[in-house]
Amino acid sequence: MKFTQFKKHLQDEGAQPIYLFHGEECYFRDKGVAMLKALVSQPELNYTSFDGAALKGDKLKAIADAVYAFPFLSEKRMVLVSEFYPSEKDYATYLKPLFERPAESTVLVISNGEAKPKAGAFDWKKKPNLTLVDCARADEESIAKWIYLTFKQSGIYADGNVCSTILRYCVCDMARISKEVEKLKDYLGGEGKITLDDVNALVYPDNEYKLYELTQAAARKDYAKFIQIMDGMVGKGFDETAFLNSLCAHFRTLYEVAAFKGNNAQAAQALDMKEFAVKKSREQAAKFSLDALGGYYTDLYGALAAGRAGEITFSAALKDIIAKIFFKTY
């Protein structure tokens, strides 16, 4: 099931014996764990957590010991194992009984950032009594709906433009979005209407979003907007060198995803990126020709190399790059 269905699942079916929260969105995984932990009385006695990477060989027995322990003054115990990727041999030797004969009074929860099994690890989907919860990054429409409903539940109205601006400023990072939404709720005191002015005053755009805005300005040849965004970055967490490095890496990514011929999933695997990041990067790259993307990356890399070699100051290199982006034909 998708994480967005998990709350209803708990209400309708109650807690199941074993869960696997898997996917890149740590906010969803942490939220799911917190919802299950809330079912446990006296968690200081009835909650145990393990680092999955530290559990090798005989150390895996600790999971069974924790799962089969009886709860103390509580209906349920909970055992959490994070980033857990055992082999088929480990499963057969130490874990199989936990899945085939799960404890009635304990909820075993596995939280993995990797959506797919790592090399040598077994496939969780084939194991009995396991409930899978997909915690992949949500699409923009689902996130905007979540923002809207979260405000609505607090008596606050936020229109579609406000919701989409918040998610874009936070580049769809649910952990940050949830914090910004709480901040805006506190600002309004739990009632009223959120405006774009409120968002612009209180929600600071992520640097990744600013780089997105920069590339859009470059694609439109909007010199004034490019300079405005750049001036808001250089000197505020960035110097000329850091700015050029970030812009160079950004254009390299756009060139690589544009040049790759496979689908988003194949590109994500080949380029060691998240599939969502590939999708968004390809949307940006579509504004440019492949030659232009390659040209921008080559020029940025050359400017950085010249600056490091002492052939030119980084301030002069930045001015040169701006001129090439807006006036050079690739």
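**Figure 1. Glu 83 in a loop of the predicted model.** At 30% relative accessibility, Glu 83 counts as partly exposed, because the partly exposed class lies between the 20% and 50% limits. The model shown here and in the other views is predicted. Glu 83 sits in the loop that runs between β3 (77-82) and α5. Its phi angle is near 50 degrees. That is a positive value in a residue other than glycine.

**Figure 2. Asn 129, another residue with positive phi.** The loop between β4 and β5 (131-134) holds Asn 129. Phi of Asn 129 is near 60 degrees, which is positive although the residue is not glycine. Asn 129 has a relative accessibility of 38% and therefore counts as partly exposed.

**Figure 3. The whole chain, for orientation.** The chain has 16 helices and seven strands. Its C-alpha trace spans about 70 × 50 × 35 Å along the principal axes. Of the 330 residues in the chain, 43% are buried. Among contacts with a separation of 6 or more, 76% join residues 24 or more positions apart.

**Figure 4. The second largest pocket.** The volume of this pocket is about 660 Å³. Its lining counts 18 residues, and the closest to the pocket centre are Phe 3, Thr 4, Lys 7, Trp 146 and Thr 150. Four helices each supply at least two lining residues: α1 (6-13), α2 (26-37), α6 (140-153) and α8 (174-188). Which helix gives the most to the lining of this pocket? α6 does, with seven residues. By class, the pocket lining has 10 nonpolar residues, along with four polar and four charged ones.

**Figure 5. The second largest cavity.** Two cavities of 30 Å³ or more are counted in the model. The second largest holds about 30 Å³ of space. Its lining consists of Ile 63, Val 81, Phe 84, Leu 95, Leu 98, Phe 99, Leu 108, Ile 110 and Trp 124. α5 (88-100) and β4 (106-112) are the elements that give two or more residues to this lining. α5 gives the most, with three residues. How many of the lining residues of this cavity are nonpolar, polar and charged? Nine are nonpolar, none is polar and none is charged.

**Figure 6. Ala 158 and its contacts.** Ala 158 is placed in the loop between β6 (156-157) and α7 (160-169). Is Ala 158 buried or exposed? Its relative accessible area is 0%, so Ala 158 is buried. Leaving aside neighbours within four places in sequence, Ala 158 is in contact with Tyr 148, Phe 151, Cys 163 and Ile 194. Gly 295 is 137 residues apart from Ala 158 along the chain, and their C-alpha atoms are separated by 42 Å.

**Figure 7. The crossing of α13 and α14.** Two packed helices are described by the angle between their axes and the distance between the axes. Here the axes of α13 (residues 264-271) and α14 (residues 275-285) come within 8 Å. They cross at roughly 110 degrees. This angle makes α13 roughly perpendicular to α14, because that class covers 65 to 115 degrees. From α13, the contact uses Asn 264, Ala 265, Ala 267 and Ala 268. From α14, Glu 275, Val 278, Lys 279 and Arg 282 take part. The contact of α13 with α14 has four nonpolar residues, one polar residue and three charged residues.

**Figure 8. Ala 267 in the helix contact.** Helix α13 contains Ala 267. With a relative accessible area of 0%, Ala 267 is buried. Not counting residues up to four places away in sequence, Ala 267 touches Phe 260, Asp 272, Val 278 and Arg 282. Val 278 and Arg 282 also belong to the α14 side of the contact with α13. The C-alpha atoms of Ala 267 and Ala 15 are separated by 37 Å, with these positions 252 residues apart along the chain.

**Figure 9. The buried residues of α14.** Which residues of α14 are buried? They are Phe 276, Val 278, Ser 281, Arg 282, Gln 284 and Ala 285. The buried residues of α14 pack against α10 (207-220), α12 (240-259), α13 and α15 (290-308).

Key. Residues are numbered from 1 along each chain as its sequence is written. This is a predicted model: local features need pLDDT of at least 70, side-chain atom pairs count only at pLDDT 80 or more; totals for chains, interfaces and linings use all residues. Side-chain values use heavy atoms; hydrogens and water are left out. On a 1 Å grid over the protein atoms alone, a cavity is a set of points where a 1.4 Å probe fits but cannot get out, and a pocket is an open set with protein on both sides within 12 Å along at least five of seven lines; lining residues have an atom within 4 Å of a point. Grid points are joined across faces, edges and corners, and a volume is the space filled by probe spheres set on the points. Ala, Val, Leu, Ile, Met, Phe, Trp, Tyr, Cys and Pro count as nonpolar, Asp, Glu, Lys and Arg as charged, and the others, Gly among them, as polar. Axes are lines fitted to C-alpha atoms, for helices over the stretch in contact, and angles run from 0 to 180 degrees between N-to-C directions. Angles under 35 degrees count as roughly parallel, over 145 as roughly antiparallel, 65 to 115 as roughly perpendicular and the rest as oblique. Contact means heavy atoms within 4.5 Å. Buried means under 20% relative accessible area, exposed over 50%, partly exposed in between (1.4 Å probe, protein chains only).
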